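This report goes through one protein model, from its overall dimensions to single residues. Please keep the sequence and the structure at hand while reading.

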Amino acid sequence: MDTMNGMKRTDYCGTLTAADIGREITVCGWVQRQRDLGALIFIDLRDRTGIIQLAFDENTDKDVFEKAFSSRSEYVLMAQGVVRERASKNKEIPTGDIELEVKTLKVLAASETPPFEIVENCQTSEVTRLKYRYLDLRRPDLQKNILLRHKITKITRDYFDENGFIEIETPMLIRSTPEGARDFLVPSRLHQGEFYALPQSPQLYKQLSMVAGFDRYMQIARCFRDEDLRADRQPEFTQIDLEMSFVDTDDVMNIGEGYIKRVFKDALGVDIELPLPRLTYKEAMERYGSDKPDTRYGMEITDLSDIAKDCGFGVFSSAVAGGGAVCAITAKDSVSVLTRKEIDRLTEFVRGIGAKGLAFARLMPDGVASSFAKFLSEDEMNKIIEKAGAQTGDVILIVADTNKTHALTTLGALRREVADKLGIIPEGKFNLLWITEFPFFEYDEEAGQFVAMHHPFTSPLDECLEYLETDKAAVRAKAYDLVLNGVELSSGSIRITDPALQKRMFSLLGLSDEEAYEKFGFLTDAFRFGPPPHGGMGIGLDRLCMQMIGCESLRDVIAFPKLQNASEPMTECPSPVDGIQLDELGISIAKDKTE
C-alpha cells in the first residue's frame, strides 16, 4: 500500500473550474466509479465537494496506469497531475468541462465491495444504510444536508452574537423535573439509589441565567426525551435556545423573525418577508383545525352550524344541539379525484382518528351527489353550498360532532390528507407564521382535570388573571409558536417571575406548596432575589434544517440518528452492560416474569 510520501492535497475535487486549466494540483478522495476502455481509463474521484474525472491514457506512466486499472469503488486515492479541458464534456456535474491528467497516483486505502451503492437517493433499506452509516454519509445528498446544517449553525451563532446574546453552556446531568415527557435517567455511582436526568430542555437553567444578570442567553443545546419516535422526532435533538430579560412578547418574536430572515437569506438565498403573519390559537383552530397550520394551500374550514342546527338531517342538528358544531372543507376542482371509492377511504381515515363519520356533497355537472341531500330541503342544500364557497367540480366534506374541537381537529387532519391526494401542496415555498394566545390550561380527559398546556412558568395574559380560579378554559397564555409549512419550529413564552402568581399557578395545577418546592424550589428560591422580567423560545434546529432542505425525515439531517425504536444499528445500542458496572451503581435487573 502506498503512503502519501510528502504529497499534500492542494484542492478539493468539486471546487475546480475551467479557470484551473494548466494548473498542477493534487486531489484526494474516494472512487465513485472506474471505467476501463482498454487504452483509456477514467476514474470519477469524489470528496465532500463533488467529483472530478481522473484521466489515464497511453501517455500515462505504466505503474500509474496499473494502479488505476486495479482501483475499485470506494478505494481512497491521491492523484497529482495537470488540469486540462475535457474532450467529452458532462453537463450533469459542475466540473464536467475539465479533467485531471494524472501523473502520480497513490492508493491510500483499498475497500471491500460496499453493501450498497454510494449514490444519491439510494433505495437500499434504511436499516441497512444506518448499520453502515459511515458509508451512507458518503452519499452526496446526505453530505450536502450535513454541510448545510453546519452553515445554518454558523449563521445562527453569528446572528445571535451580533444581537448581544451570550452563549452559555448548561449542564447535561440535571435534576429530574416534570417537563411533559419522560426523562432519560442516569444512575449515580457516588450517590447510590439517586439519579440524574438528561435535560429535556435547558429551561430552568436559562431562566436562572436571567436571574444571574446575563440579560441575553443563547445556546445550541442538546436535549433528550424518552418518548415514542416518528419522522420528525428523535430521542436526542438539538435546540436553538434563547432567553431575554426586560422584554415582552413582541421583543422575543421580533428577534426570532430577524433570525429566520437571516438564516433563510444566507443559507438558501430566500427572502422571507417580515413581519410574519400572526394568528391566535383560536383563529388557527377555526380556520385550519390545527395549531400548526400549513398555509401554502387554501381549503380553510367553514362553520355550517347556523344552517345545520335546524335542518332535517338529525346527524347535523343533534351535533349542534349537543353543544358541538358542523364544519366543512371544500376541495376545489376535485370531483374526478375524490370519487365515491376515495371518499369511502377518507371516511375510514377520519373514523381512525375518532370521528363518527364523514358527510359529503360532490358538485357534478349534472347535479349534486350527496350522502345527506335527501334529508335537506333544496334551500338548505343551496345555503350549505353557498357558505362552503363551492362550485361545480368541487367536493364538500363535512364533519359533525358534539365536541366542536373534535370536529375542527378532524377536519384539520382531513385537510392535509386531501391536499396530499390532490397534489396541491407547492414545492419550494416557505410559509411561516406565528400562533399566539394559546390556552394556558388544557383538559386531560383521562385525568379528569385541567393541566398546563406549556410548562408551569408560562405567564398568563394579564386580562385573564381574573379567570384563573373561575374559568380555566378561558385563560390564555403569553405563549407563541413559530410554524413553517405545517411543522412547529419553535415554542416560547413570557415567564412568571412574581412569586405570588407562581404559587397561585402551582396551586391551580394541583401542586401543594411542598410538592412545588420539592420539584422547583431552586428556581423559586432564586426568584426571591430580584428576578428580571424575561421570556424566550426554543427553535428546533433539526426540524428547521429538515424543512429548509425539504427532507422527509429528521434522520436525513442528523449524522448518526436513531431508528423508530430508538436503537442505533451501527453500534447496536442500547446494549446490556456487565454485572460489575451494575454492582457499582447498586442496580439489579428485574427478570421478565414470563421467563
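How much area does the protein expose, and what share of it do carbon and sulfur atoms supply? The model, which is predicted, exposes about 29,400 Å², and carbon and sulfur atoms supply 50% of that area.

**Overall build**

The protein has 595 residues, and 48% of them are buried. Its secondary structure consists of 16 helices and 22 strands. Taken along the principal axes, the C-alpha atoms fill a box of roughly 90 × 75 × 60 Å. Among contacts between residues at least 6 apart in sequence, 67% join residues at least 24 apart.

**Nonpolar cores**

In soluble globular proteins, nonpolar side chains tend to be buried together. In this model the largest nonpolar core holds 46 residues. The members that touch the most other members are L338, L397, L414, V418, I435, F441 and M505. Several helices give two or more residues to this core, namely α7 (281–288), α10 (340–352), α12 (404–422) and α13 (499–508). The strands that do so are β13 (325–331), β16 (395–401), β17 (432–436) and β20 (479–484). Which element gives the most to this core? That element is α12, with six residues.

L338 can serve as an example from this core. Not counting residues up to four places away in sequence, L338 touches A331, I343, L346, R362, V395, L397, V418 and L422. Apart from the largest core lies another one, of 41 residues, including F165, V263, Y480 and I494.

**A buried glutamate**

E568 is located in the loop between α15 (541–549) and α16 (579–585). Which side chain of opposite charge is nearest to E568, and how far away is it? The nearest is K562, at 4.2 Å. A salt bridge requires a side-chain nitrogen of Lys or Arg within 4 Å of a carboxyl oxygen. E568 has no salt bridge, although the residue is buried. Its side chain does make a polar contact of 2.5 Å with the side chain of T571. Leaving aside residues up to four places away in sequence, E568 touches F560, P561, K562 and C573.

**Backbone exceptions**

Most residues other than glycine have a negative phi, and most peptide bonds are trans. Some places in this model depart from that pattern.

C573, one of the residues that E568 touches, is joined to P574 by a cis peptide bond with omega of about 5 degrees. P574 lies in the loop between α15 and α16. Another cis peptide bond joins L274 and P275, with omega of about 0 degrees. P275 is found in the loop between α6 (249–268) and β11 (278–280).

Positive phi values occur at N121 and D215. For N121, which is not a glycine, phi is about 55 degrees. N121 sits in the loop between β5 (98–109) and α2 (126–131), and the residue is exposed, with a relative accessible area of 57%. For D215, phi is near 75 degrees. D215 is placed in the loop between α5 (203–211) and β9 (216–224), and is partly exposed at a relative accessible area of 31%.

**Salt bridges**

How many salt bridges does a search of the whole structure find? The search finds 52. The table lists some of them, with the relative accessible area of each partner.

| Acidic residue | Basic residue | N to O distance |
|---|---|---|
| D20 (12%) | R23 (33%) | 2.7 Å |
| E227 (24%) | R233 (21%) | 3.4 Å |
| D271 (53%) | K265 (40%) | 3.4 Å |

The pairs can be read by burial. D20 counts as buried because its relative accessibility is 12%, under the cut-off of 20%. Its partner R23 is partly exposed. In the pair of R233 and E227, R233 is partly exposed, and E227 also counts as partly exposed. In the pair of D271 and K265, D271 is exposed, whereas K265 is partly exposed.

Salt bridges can also share partners. Such bridges join D57, R84, E99, E101 and K103 into one network.

Technical notes. Residues numbered from 1 in each chain as written. Predicted model: local features only at pLDDT ≥ 70, side-chain atom pairs only at ≥ 80, totals over all residues. Heavy atoms only, no water. Core = buried A, V, L, I, M, F, W, Y, C linked by side-chain atoms within 4.5 Å. Buried < 20%, exposed > 50% of the residue type's maximum accessible area, 1.4 Å probe, protein only. Helix = DSSP H or I, 4+ residues; strand = E, 2+ residues; numbered from the N terminus. Contact = heavy atoms within 4.5 Å. Lys, Arg positive; Asp, Glu negative; His and termini not counted. Polar contact = N/O pair within 3.5 Å; in protein donor to acceptor, adjacent residues only side chain to side chain. Areas by Shrake-Rupley, 256 points an atom, 1.4 Å probe, with all protein chains shown as cover.
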